[in-house]
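Colleague: I should be grateful for a close look at the charged contacts in this predicted two-chain model, and at the surfaces around them. Please define each term as you introduce it.

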Amino acid sequence: MARLSGLQRDVLSLYRRCLRAARAKPVTNRGHFQALARNEFHKHRAVDKKDFSAIEYLLRRGRRQLEMYEEAGVRDVKV
Amino acid sequence: MFRTALLRSARQAVRAAPRWSAPIARPAARSSLLQAKQITPSVRFQAVRCYSASAGLSKDEVEGRIMDLLKNFDKVTDTSKLNGEAHFHNDLGLDSLDTVEVVMAIEEEFSIEIPDKEADAIHSIKQAVDYILAQPDAH
């Protein structure tokens, strides 16, 4: 795989954080959280890697969403 | 009179001592027998496991477990290309997001945590195997 840019690494790091956060959820619902993260990231797979402003916007939105779903009170999601 | 009484009580005390000590000594002897019985099997069957001993992961075992994991991964469609040298992107057709998922699954399988920097450097089964073998706490 080609060398990753800083922004690409940020995206992968956010994805990793999402999957790690899913592990903290109840075992039965863990798959839902993983599927949610997967869907959200794959939805924007077609974004051009040179479109920095779009990627940065999506990163910001993703981080906010992660913070929301990370809360211990959130136990399940509908995918 | 006083001397004889003293002597008699002393003699009685001496005579009483062994009579009392006998029942006390018996359970002690029995318990030591029991203890001997309890100890012998543990010595013979090695009932004590040393958890500090290294698990001794072999290269084949690590490789097999990673292959099984990839076989069950829904994004891997062409399992014929699955071998010890397979590259996630070039051979298995996984993109960078899928690679992250694979590396996370490997983390879970071997109960370790791979830091971002090292995780970004794993792009093939061989690299993953080498990384796991280098981790002392992987099991």
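How many salt bridges does the count come to over all chains?

Modeller: The count comes to 15 salt bridges over all chains, a salt bridge being a side-chain nitrogen of Lys or Arg within 4 Å of a carboxyl oxygen of Asp or Glu. As this is a predicted model, local features need pLDDT of at least 70 and side-chain atom pairs count only at pLDDT 80 or more, whereas totals for chains, interfaces and linings use all residues. Residues are numbered from 1 along each chain as its sequence is written, chains are lettered from A and ligands numbered from 1 in the order in which they are written, and side-chain values use heavy atoms, with hydrogens and water left out.

One of these pairs is Arg20(A) with Glu107(B), whose closest N and O atoms are 2.6 Å apart. Arg20(A) belongs to helix H1 of chain A and Glu107(B) to helix H3 of chain B, so this salt bridge joins two chains; helices (H or I, at least four residues) and strands (E, at least two) are DSSP runs, numbered from the N terminus. The two partners differ in exposure class: Arg20(A) is partly exposed, with a relative accessible area of 24%, whereas Glu107(B) is buried at 1%. Here buried means under 20% relative accessible area, exposed means over 50%, and partly exposed lies in between (1.4 Å probe, protein chains only). Leaving aside residues up to four places away in sequence, Glu107(B) touches Arg20(A) and Arg23(A) across the interface, together with Ile112(B), Glu113(B) and Ile114(B); such contact means heavy atoms within 4.5 Å.

A second pair is Asp95(B) with Arg45(A), where the closest N and O atoms are 2.3 Å apart. This pair also crosses between chains, from the loop between helix H2 (59–71) and H3 of chain B, which holds Asp95(B), to the loop between H2 and H3 of chain A, which holds Arg45(A). Asp95(B) is buried, with a relative accessible area of 18%, while Arg45(A) is partly exposed at 44%.

Within chain B, Asp68(B) forms a salt bridge with Lys71(B), the closest N and O atoms being 3.7 Å apart. Both residues lie in helix H2 of chain B, three residues apart, about one turn of the helix. Asp68(B) is partly exposed, with a relative accessible area of 40%, and Lys71(B) is likewise partly exposed, at 48%. Elsewhere, salt bridges that share partners join Arg20(A), Arg23(A), Glu107(B) and Glu108(B) into one network.

I turn now to the interface as a whole. There, 13 residues of chain A are in contact with 21 residues of chain B. The two chains bury about 1,800 Å² between them, 52% of it on carbon and sulfur atoms; buried area is the accessible area (1.4 Å probe) that two parts lose on being put together, summed over both. Eight salt bridges are counted between chain A and chain B, among them Glu101(B) with Arg38(A), at 2.9 Å between the closest N and O atoms. The chains also share 11 residue pairs in polar contact, both residues being at pLDDT 80 or more. A polar contact is a pair of N or O atoms within 3.5 Å; within protein, one must be able to donate a hydrogen and the other to accept it, and residues adjacent in sequence count only if both atoms are side-chain atoms.

On the side of chain A that touches chain B, helix H1 (6–23) and helix H2 (30–43) each supply at least two residues. H1(A) gives the most to this side, with eight residues. The residues of this side divide into five nonpolar, two polar and six charged, where Ala, Val, Leu, Ile, Met, Phe, Trp, Tyr, Cys and Pro count as nonpolar, Asp, Glu, Lys and Arg as charged, and the others, Gly among them, as polar.

As to the partner chain, chain B has five helices and zero strands. Buried residues make up 29% of its 139 residues. Among contacts in chain B between residues at least 6 apart in sequence, 55% join residues at least 24 apart. Beyond helix H3 (96–109), in the loop that leads to helix H4 (116–120), lies Ser111(B). Ser111(B) has a positive phi of about 45 degrees although it is not a glycine, and at 44% relative accessibility it counts as partly exposed.
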